[in-house]
Structures are given as C-alpha cells and as structure tokens.
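Student: I would like a close look at one part of this protein, namely the places where charged side chains pair up. Could you take me through them slowly, and then place them in the rest of the fold?

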Amino acid sequence: MALESMSDHELRQRFEMLKGVEHHKNELILELLSRVDTLDQSYQQMALDHQRETQFNREGQLRERKLQDELRKLKAFMNRDPFVLVLIDGDGMIFEDSLVRKGELGGKEAAAGLWNGIKDHVHDELPDIPSDCRIVTRIYANMKGLSEVCWRAGIVEKASLIEEFYRGFTGSKILFDFIDVGPGKDRADEKINELFKLHLGNFHCQHIFFGCSHDNGYARLLEQYTEPMVTDRITLLEGVPFEKELYAMKAKYSTAKIENLFRSTKINVYNQPLYHASQSLQQHSMQVSSNETISPPIPNGYQSPYQPIIGTSTPSPAPSNPSTMNPKAPTWASAATSAVQIVSPPATPTPTLSSLASSTEIQRNRFGQRIDPPTVYDKDEVDRVRKMKLCNVHFLRGDCGYDPCTHSHNKKLSKSEMAALKTVARMVPCRQGSACDDPKCMYGHR
C-alpha cells in the first residue's frame with residue numbers, strides 16, 4: 001500500500017506496531033547478554049574449581065606416593081629380624097631323664113631337639129611366618145631347687161648334672177638361655193608373665209610357644225586374651241598333661257607336643273626310698289627329749305611344682321646296700337639307724353626340737369600331703385578386714401615385692417585383725433596345693 005494513500009491514523013498504528021517489535025527485540029538482546037554474563041561467571045568459577053582440583057589431585061598423588069614409600073619401608077622394618085619366642089617354666093617343664101643324665105651333652109641334644117621341633121611345627125602349621133624366622137628360647141627355673149629335686153628323685157647321680165645340662169643347653173644356641181631365678185615363691189611365674197605380655201605386642205615376635213601345662217596359675221594370664229587375632233599367635237607346649245583349668249582352655253589355643261623331649265609325668269619324691277627313709281628318721285628323732293640336739297636336716301623351702309622335698313642337707317655317708325633309686329647318693333636309712341649316736345660338733349650348735357618345730361615344721365597327712373591346722377574365726381571380723389584391702393604379703397610375710405602395691409601397707413593392725421587377715425589369706429588356694437613346702441606360705445592348702 002502506498003504511503004500517499006494512508007491516513008495519519010494508519011501511519012501511527014504502523015509506527016506503534018514497529019515500536020513494540022523493537023521493544024521486544026531490545027528485551028531479547030538484554031536477556032541474551034545477561035545470560036552470557038551468567039554463563040561466563042559460571043565458567044570462570046568452574047575453571048577455578050578445576051584448577052584447584054587438579055592441584056589437589058597432584059598433591060594427593062604425591063602424598064600417596066610418599067605414604068606408599070613409607071609403608072613399604074615400615075613393612076620392611078617390621079619384617080626384619082622376625083622371631084618366634086619359646087617361653088618355658090623350667091620348674092615344671094623338665095626335659096626327659098635320658099637327656100638330663102647326660103649333663104652338658106644332653107643339654108646340647110635337648111636344645112637341638114627343641115629347635116628342630118619348633119622349626120617343623122612352624123613350617124607345617126604356621127605357613128605365614130617367614131622361613132628365615134629365628135627361634136628365641138627362655139627357660140626360667142630355680143636351679144638349686146630343681147637340681148636337688150632331680151637328685152633326690154634318682155633322676156641324676158649328682159645334683160651338679162642339672163647345672164651342666166643347662167650350661168650345655170644355653171651354650172649350644174646363641175638365642176637359647178636358661179635363667180636361674182633363685183629360690184622364692186612365684187619368682188619364675190612373675191618373670192614369665194611379664195615377658196609373655198611384653199612380646200605379645202611386639203610385631204617382630206611372630207608367635208609365642210608357651211610351656212606351662214603343669215601350672216593352673218597360668219590360666220589367669222591366658223584368660224585375659226580372648227580375641228582370635230591374639231590367641232592365634234599363641235601355641236601351648238605340652239609336657240605333663242594339661243592341668244584342669246588349662247585343659248578347659250585348650251580349645252581357644254593351638255597346642256603342640258614335641259615327642260621324647262619333655263617329661264610326661266610329674267616328679268614325685270614321696271614314692272622314692274629317700275623320702276620314706278627321711279620319714280622314719282623324723283619319727284625316730286621325735287622320740288628324743290626336747291633338751292637333746294636333733295640331726296634331721298631343716299627343709300629348704302624349694303617351690304617344687306610337683307611334690308615337696310623333705311630336707312636338703314646330706315647326712316654323712318654310712319655303709320649300706322645300694323639304693324635302687326640313686327646308688328651313689330647316701331641314704332636316709334643309714335642315717336636313721338644311727339640317729340641316736342650322731343652328735344653335732346661343739347663349735348656348731350644344732351637347733352633343738354622345739355625351735356625346729358616352731359619355725360619350719362609343716363603338717364602333713366599320712367600321704368605326705370600338706371594340711372592346714374584348724375582355725376576358729378569371727379565371720380563378721382573376717383568380712384570387715386577383707387574390705388580393708390590390706391596387702392597380705394606385707395603384713396603376713398613382710399616381703400611384698402610390688403612397687404607400687406595396689407593394697408594398703410599403712411594400717412596398724414590389732415591382734416584380732418592380724419588373725420582375721422590370716423584367715424582371709426588362707427581363703428586363697430595355694431598354687432602348689434598340697435605339694436607346697438614353703439614354711440612361710442600363707443595360702444590355703446587342700
């Protein structure tokens with residue numbers, strides 16, 4: 001349509017129409033520009049994030065590589081010098097008689113037998129342990145007491161053979177040691193318990209072989225560990241059959257028995273001729289008046305895990321028939337036949353009957369089992385004293401070895417409280433049971 005033919009009204013309408021289109025166009029352009037700005041900001045933020053993630057990943061890779069190197073070095077350090085520990089209570093885990101009688105040579109044979117037995121068990125039953133793993137052995141015992149027990153039981157011809165045996169045992173392998181703990185109740189037990197705990201958390205120690213089958217007391221130690229990751233690292237060595245409490249725990253632990261190495265029966269000195277002869281000597285000597293001197297030897301208090309020793313001194317040899325138990329040892333029977341004629345040298349006075357009975361006498365029944373004298377006590381007083389948390393060893397023996405001790409040492413006790421404390425202590429069963437021969441033992445014997 002020609003512009004000349006349009007009216008002013010029509011022209012204005014077309015202008016308004018074009019004006020609206022222009023307005024919509026401008027709005028569209030502004031909206032597009034705003035969208036571009038938003039996308040640009042998002043892009044810049046994502047670029048920063050990507051840069052940061054890239055840097056973080058690079059640092060993480062470097063850190064991971066460093067940690068892997070450190071872990072590799074740590075594993076190499078942990079796997080360095082691996083060993084298994086053989087921990088034995090030598091007062092009860094005693095080597096075979098045939099080995100002990102050979103003295104130093106037998107000790108070397110025993111060490112070789114133990115080393116081979118442990119090596120074979122590790123190879124067959126513990127494949128995860130490195131093949132170059134070393135074997136460390138520690139045996140704790142009272143050398144003097146053990147020597148006299150073996151001599152009096154007729155296992156060896158002379159007590160010194162035990163010392164020679166363990167000298168050969170210790171000298172044959174660099175990491176094999178016998179440690180003499182000396183006389184005293186529970187000395188070997190305490191050392192073994194602490195060494196056991198120390199090495200159980202040692203990552204160089206791959207496994208522990210624990211020789212303790214003769215003593216229920218070690219059940220208190222083992223019952224503390226119930227997790228499989230701990231119990232799998234322990235093998236119980238069997239010598240004599242496991243005692244009742246240990247036998248009940250066998251299912252939780254691996255067990256091993258090295259044939260022809262350790263005794264499978266306990267030493268029983270009561271069945272030996274020396275014991276019966278010494279009993280006759282004591283009964284004969286009890287008939288001597290209290291003003292006369294007495295010749296029987298005084299018990300030494302060796303803490304035998306089996307049966308106690310009656311006397312430690314050796315009487316003067318007298319001609320007699322050879323003993324089937326120990327032909328080279330002097331017999332108590334020969335001393336018993338001449339007990340009345342034995343007179344001590346004037347320069348060395350011997351104890352009287354009354355002093356001997358009051359200081360070292362241990363009551364036993366006709367089977368040689370220790371029995372406690374009857375006691376009368378006030379139950380309420382005993383319960384009261386028990387709640388005071390007193391140290392039994394300090395007050396009753398005077399030789400508490402714990403530092404610090406968890407029980408009280410500072411109370412001043414009356415006579416009635418001391419009597420009640422003795423009753424409290426007797427309620428705790430003695431580890432040695434009726435075989436205990438410690439004159440100062442304060443525990444109960446059944």
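**Charged pairs and their surroundings**

Tutor: Let us begin with one pair in this predicted model: the side chains of aspartate 49 and arginine 52 meet in a salt bridge, with 2.5 Å from N to O. The two residues are three places apart in helix α1, so about one helical turn separates them. This fits a general rule, for an α-helix has 3.6 residues a turn, and so residues three or four places apart point the same way. Aspartate 49 is partly exposed, at 27% relative accessibility, and arginine 52 is also partly exposed, with a relative accessible area of 48%. Behind such pairs stands a simple idea: side chains of opposite charge can pair when their charged atoms come close.

The next pair joins arginine 134 and aspartate 81, whose side chains meet in a salt bridge of 3.6 Å, N to O. Arginine 134 belongs to strand β2, while aspartate 81 sits in the loop between α1 and β1, so this pair ties together parts that are 53 residues apart in sequence. Arginine 134 is partly exposed, with a relative accessible area of 45%, and aspartate 81 is partly exposed as well, at 45% relative accessibility. The loop that holds aspartate 81 runs between α1, residues 8–78, and β1, residues 83–89. The backbone of aspartate 81 deserves a glance too, since its phi is near 55°, a positive value in a residue other than glycine. As a general background, most residues other than glycine have a negative phi. Lysine 389 also has a phi near 55°, again positive in a residue other than glycine. Lysine 389 lies in the loop between α13, residues 379–386, and α14, residues 392–397, and with a relative accessible area of 55% it counts as exposed.

A third pair is formed by glutamate 245 and arginine 220, whose closest N and O atoms are 2.2 Å apart. This pair links distant parts of the chain, because glutamate 245 is in helix α9, residues 244–249, whereas arginine 220 is in helix α7, and the two are 25 residues apart. Glutamate 245 is partly exposed, with a relative accessible area of 33%, and arginine 220 is partly exposed at 38% relative accessibility. Arg220 and Glu245 do not stand alone, for together with Glu223 they are linked in a network of salt bridges. Over the whole protein, the count comes to 16 salt bridges.

From helix α7 we can step across to helix α6, because the buried residues of α6 pack against α7, and also against β1, β2, β4, α8 and β5. Helix α6 covers residues 187–200, has 14 residues, and reaches 20 Å from its first C-alpha to its last, close to the 20 Å expected at 1.5 Å a residue. Its buried residues are Ala188, Asp189, Ile192, Asn193, Leu195, Phe196, His199 and Leu200. Phenylalanine 203 is found in the loop between α6 and β4, and it is partly exposed, with a relative accessible area of 41%. Phe203 joins Leu71, Leu74, Phe77 and Met78 in making a nonpolar surface patch of about 430 Å².

Now let us turn to the interior. In soluble globular proteins, nonpolar side chains tend to be buried together. The largest nonpolar core here has 41 residues, among which Phe95, Leu114, Ile118, Tyr166 and Phe169 touch the most other members. The elements that give two or more residues to this core are β1, α2, α3, β2, α4, α5 and β3. Leaving aside residues up to four places away in sequence, tyrosine 166 touches Phe95, Ile139, Met143, Leu146 and Phe178. A second, separate core of 27 residues includes Phe83, Ala219, Phe242 and Met249.

To place all this in the whole, the secondary structure comes to 15 helices and six strands, and buried residues make up 40% of the 446 residues. Among contacts with a separation of 6 or more, 74% come from residues 24 or more positions apart. The protein exposes about 27,100 Å², of which carbon and sulfur atoms supply 54%.

Key: Residues numbered from 1 in each chain as written. Predicted model: local features only at pLDDT ≥ 70, side-chain atom pairs only at ≥ 80, totals over all residues. Heavy atoms only, no water. Helix = DSSP H or I, 4+ residues; strand = E, 2+ residues; numbered from the N terminus. Buried < 20%, exposed > 50% of the residue type's maximum accessible area, 1.4 Å probe, protein only. Expected span 1.5 Å × (residues − 1). Contact = heavy atoms within 4.5 Å. Patch = residues over 30% accessible without salt bridge, like charges linked within 9 Å, V, L, I, M, F, W, Y side chains within 5 Å. Areas by Shrake-Rupley, 256 points an atom, 1.4 Å probe, with all protein chains shown as cover. Salt bridge = Lys/Arg side-chain N within 4 Å of Asp/Glu carboxyl O. Core = buried A, V, L, I, M, F, W, Y, C linked by side-chain atoms within 4.5 Å.
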